Amino acid sequence: MTMSALGNHNFAKMNGIGNEIVVVDLRDSGAGVSTAEARAIAATNGVPYDQLMVLQKPRLPGTSAFIRIYNNDGSEAGACGNGMRCVAERVFSASGEHAATFETRAGLLNCWQGPEPGLYTVDMGVPKFGWQDIPLAEEFRDTRYIELQIGPIDAPVLHSPSVVSMGNPHAIFWVEDIEAYDLARFGPLLENHPIFPERANITLAHIVDRDHIEMRTWERGAGLTKACGSAACATAVAAARLRRTARVVRMTLPGGELTIDWRESDDHVLMTGPAVLEYEGRFDPALFANVA
């Protein structure tokens, strides 16, 4: 049996407005993380997380790392905005730099120091609205609303979500009260609905006014979380597309607040928020004893 490269390896337990993040820097070792290892880390006797951010050797000139992102069920995510702020905090504090470019499965992401200490900005790129880009299983010409509902046909509990890709699929249901629905019950049904061939992140959002949105998210592969950065971006963009909010908006999530700016000059989505180091540690090799 081969010994996992993660045994005794350093990690940082962090959070991005309550999104539980573990950051592992493997740039020196050249090693990677398998699905089984990602699941082992998330076990109750490990270091439970919503997302695991793994820094690997850069593959492209000018980038600081190639980032692989895992959900706590071992599946890979294309994007995680809260996790990227945590990565930026670790890299900046080690290097003294104030800006960096990272490569992810969803493309290149630029991060920089935010407007005040403890805040970090991630350029999450350009949102995609085409039904094939999200992706959806069937054609919808207008993805500002699609036909999808939960509950009786004549009195649906939730219906007509906006759908957006931020490097991962998002469905946003507009409601008057984000606490009035059992998201833990509806979330899995909607995440795995046949309309979403790659599953989807499911958000309930309430537009408070043109500059403020409240939201809760059931994350694909992670479940109910206190915050989902890419969902905050998707929700802000979807609201602006409906002309119900401005392009710069304050997002209130269960874990805290983010500022989302859907920049007019190039349609890039900028997310600014905190990243907090909780503690540093080393992985117990016993965690990986049964990993093939």
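## Helix α1, a three-strand run, and the internal spaces

In helix α1, which spans residues 35-42, the buried positions are E37, A38, A40, I41 and A42. The model described here is predicted. Strands β3 (51-56) and β4 (65-71) are among the elements that cover the buried residues of α1. An α-helix has 3.6 residues a turn, so residues three or four places apart point the same way. In α1, the buried set includes E37 and I41, and also A38 and A42.

**Strands β6, β7 and β8**

Strand β6 covers residues 99-104 and strand β7 covers residues 107-113; the two pair in the antiparallel sense through six bridges. Two residues separate β6 from β7, and the pair forms a hairpin. Within this pairing, T101 has N110 of β7 as its bridge partner.

On to the next strand: β7 is also joined to β8 (residues 119-123), again in an antiparallel arrangement, by four bridges. Here Q113 is bridged to Y120 of β8. β7 and β8 form a hairpin too, with five residues between the strands. In that turn, G118 has a positive phi of about 90°.

**T217 in strand β14**

Strand β14 runs over residues 212-219 and contains T217. Is T217 buried or exposed? Its relative accessibility is 4%, and because buried means under 20%, T217 counts as buried. The side chain of T217 makes a polar contact of 2.8 Å with the side chain of T203. Neighbours within four places in sequence aside, T217 is in contact with L183, N201, I202, T203, G223, L224, T225, C228 and A231. T203 therefore appears both as a contact of T217 and as its partner in the side-chain polar contact.

**Pockets and cavity**

The volumes and lining classes of the internal spaces are set out below.

| Space | Volume | Nonpolar | Polar | Charged |
|---|---|---|---|---|
| Largest pocket | about 470 Å³ | 10 residues | eight residues | seven residues |
| Second largest pocket | about 210 Å³ | seven residues | three residues | four residues |
| Largest cavity | about 60 Å³ | four residues | five residues | two residues |

The largest pocket has a volume of about 470 Å³. Its lining comprises 25 residues, and those closest to the centre are G78, A106, S165, G167 and N168. Which strand gives the most to this lining? Strand β7 does, with three residues. β7 is also the strand that pairs with β6 and with β8.

The second largest pocket has a volume of about 210 Å³. Of its 14 lining residues, A12, V23, D25, R90 and E280 are the closest to the centre. Strands β1 (10-16) and β2 (19-25) and helix α2 (81-95) each supply at least two residues of the lining. The largest share, four residues, comes from α2.

One cavity of 30 Å³ or more is present in the structure. The largest cavity holds about 60 Å³ of space. Its lining is made up of Q51, N71, A77, A79, C80, N168, N201, E219, R220, C228 and S230. Some of these residues recur elsewhere in this account. N168 is one of the residues closest to the centre of the largest pocket, while N201 and C228 are among the contacts of T217. Q51 lies in β3 (51-56) and N71 in β4 (65-71), and these two strands are among the elements that cover the buried residues of α1.

Methods. Residues numbered from 1 in each chain as written. Predicted model: local features only at pLDDT ≥ 70, side-chain atom pairs only at ≥ 80, totals over all residues. Heavy atoms only, no water. Pairing = 2+ DSSP bridges. Buried < 20%, exposed > 50% of the residue type's maximum accessible area, 1.4 Å probe, protein only. Polar contact = N/O pair within 3.5 Å; in protein donor to acceptor, adjacent residues only side chain to side chain. Contact = heavy atoms within 4.5 Å. 1 Å grid on protein atoms, 1.4 Å probe; cavity = no way out; pocket = protein on both sides within 12 Å on 5 of 7 lines; lining within 4 Å. Points joined across faces, edges and corners; volume = space filled by probe spheres on them. Nonpolar A, V, L, I, M, F, W, Y, C, P; charged D, E, K, R; others polar.
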